Amino acid sequence: MIGNISLNSFLVISTLMFFIGIYGFLTRRNLITMLMSIELILNSVNINFVVFNRFLYPNQLQGHFFSLIVIAVAASEAAVAIAIIINIYRNFKSIDVENLDQMKF
Amino acid sequence: MIFSKYLFFILSFIAIYAALKVLISKKPMHSVLYLTLTFFAIGGHYILLNAQFLAVVHIIVYAGAIMVLFIYTVMLLNLNIQGEFPKSRLAKFASAIAGGILLFTLIAVFRSYDLKVLADPSLNQIGLVKNLGKILFQDYYLPFELSSILFLAAMVGAVMLGKKDIY
């Protein structure tokens, strides 16, 4: 199924996605969009795991296993983070990160 | 196979375009829907890489569970009225520089370094659930079970944080 696609083109795609996620995490002030950027970052790392598994050790499955663990961690992290965001919205009526300075001083 | 090459380019274009639109769109609901499109494109990449079971799990968990959570939260918090709060120009510029330098360094490294590829075309059944189950329940049994404890802790934490009168 892989044809003649090189390993590097997959790596370039996942790197682009990683830095789109980094840029979004640094520039957005909306908590939900920041969480979505984190999901993008985790997904690009997952692609890297599977790509290296496929090209360097095609008869083993360690990369798939680590991707599964990353998916599990991302799911539980999203659940807890969204509970925290809803709690913040209840207390502050906003999810702008610039408003959350109660614990800063 | 020339067909899989075209498929790779189409999927990559969809993934990168949708990931950019996640950041560009003003409304959070549009961001969530574009993120779902990105996840489907990544699932296509997994199928190209012979990771069939992982592709199915990825679609189910991300597009099925996490995206529903995001969509309900966006609808619950009524964010479409508030719109986006823009950050200062300086912060945007600084993060573009910081991300861009590392991005170009990594891409230059990929271009200059040619990894030896050992891909064997006869091993296209390796990502099915039969082989992955052997790995999960023999070699990595303890981390697999520990992830269920992680899920339990996350569930308890989410319920406790979501309750109204804990203070």
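**Entry 1: B:Ser25**

I began with B:Ser25, which is buried, with a relative accessible area of 10%. I note at once that this is a predicted model. I looked for the place of B:Ser25 and found the loop between α1 and α2 of chain B. Next I asked what the side chain of B:Ser25 reaches. The partner is the backbone oxygen of B:Lys21, at 2.3 Å. Then I listed the contacts of B:Ser25, leaving out residues up to four places away in sequence. Three are in chain B: B:His30, B:Ser31 and B:Tyr34. A:Arg28 of the other chain is also touched by B:Ser25. That cross-chain contact sent me on to the helices and the interface.

**Entry 2: chain B as a whole**

I counted the elements of chain B and got seven helices and zero strands. Read along the sequence, the pattern is α-α-α-α-α-α-α. Chain B has 167 residues, and buried ones make up 36% of them. I looked up the accessible surface of chain B too. It comes to about 10,300 Å², with 73% belonging to carbon and sulfur atoms. I also checked how far contacts reach along the sequence. Taking contacts in chain B between residues at least 6 apart, I found that 58% join residues at least 24 apart.

**Entry 3: where the chains meet**

How many residues of each chain are in contact with the other? I found 83 in chain B and 72 in chain A. The two chains bury about 7,500 Å² between them, and 76% of that is on carbon and sulfur atoms. I then searched the interface for salt bridges, and the rule finds zero there. Polar contact across the interface comes to five residue pairs, with both residues at pLDDT 80 or more.

Which helices of chain B supply at least two residues of the side that touches chain A? I noted α1 (2-24), α2 (28-48), α3 (52-77), α4 (79-82), α5 (89-112), α6 (129-139) and α7 (141-162). The most comes from α3(B), with 13 residues. I sorted the residues on this side of chain B by kind: 58 are nonpolar, 16 are polar and nine are charged.

**Entry 4: B:Ser95**

I picked one residue of helix α5 of chain B, B:Ser95. Is B:Ser95 buried or exposed? At 4% relative accessibility, B:Ser95 counts as buried. I then looked at what B:Ser95 touches, again not counting residues up to four places away in sequence. The contacts are A:Tyr23, A:Leu26 and A:Thr27.

**Entry 5: the salt bridge**

I searched the whole structure for salt bridges and found one over all chains. It joins the side chains of A:Arg29 and A:Asp96, at 2.7 Å from N to O. The pair links distant parts of the chain, 67 residues apart. A:Arg29 is in the loop between α1 (7-27) and α2 (31-56) of chain A. A:Asp96 is in the segment after α3 (62-92) of chain A. Why might such side chains pair? Side chains of opposite charge can do so when their charged atoms come close.

I checked burial for both partners. A:Arg29 is buried at 15% relative accessible area. A:Asp96 is buried as well, at 7%.

**Entry 6: A:Met34**

I moved to helix α2 of chain A, where A:Met34 has its place. A:Met34 counts as buried, at 14% relative accessibility. Leaving aside neighbours within four places in sequence, I found A:Met34 in contact with A:Phe25, A:Arg28 and A:Val97. I recognised A:Arg28 from my first entry, where B:Ser25 touches it. I also took one distance. The C-alpha atoms of A:Met34 and A:Ile20 are separated by 12 Å, and the two residues are 14 apart along the chain.

**Entry 7: the loop between α2 and α3 of chain B**

I finished with B:Asn50, which lies in the loop between α2 and α3 of chain B. What is the phi of B:Asn50? It is positive, about 60°, although B:Asn50 is not a glycine. I made a note of this because most residues other than glycine have a negative phi. B:Asn50 counts as buried, at 3% relative accessibility.

I then went on to B:Gln52, in helix α3 of chain B. B:Gln52 counts as partly exposed, at 24% relative accessibility. My last distance runs from B:Gln52 to B:Ile10: 19 Å from C-alpha to C-alpha, with their positions 42 residues apart in sequence.

Definitions and conventions
Residues numbered from 1 in each chain as written. Chains lettered and ligands numbered in written order. Predicted model: local features only at pLDDT ≥ 70, side-chain atom pairs only at ≥ 80, totals over all residues. Heavy atoms only, no water. Contact = heavy atoms within 4.5 Å. Buried area = accessible area lost by both parts, 1.4 Å probe. Salt bridge = Lys/Arg side-chain N within 4 Å of Asp/Glu carboxyl O. Polar contact = N/O pair within 3.5 Å; in protein donor to acceptor, adjacent residues only side chain to side chain. Helix = DSSP H or I, 4+ residues; strand = E, 2+ residues; numbered from the N terminus. Nonpolar A, V, L, I, M, F, W, Y, C, P; charged D, E, K, R; others polar. Buried < 20%, exposed > 50% of the residue type's maximum accessible area, 1.4 Å probe, protein only. Areas by Shrake-Rupley, 256 points an atom, 1.4 Å probe, with all protein chains shown as cover.
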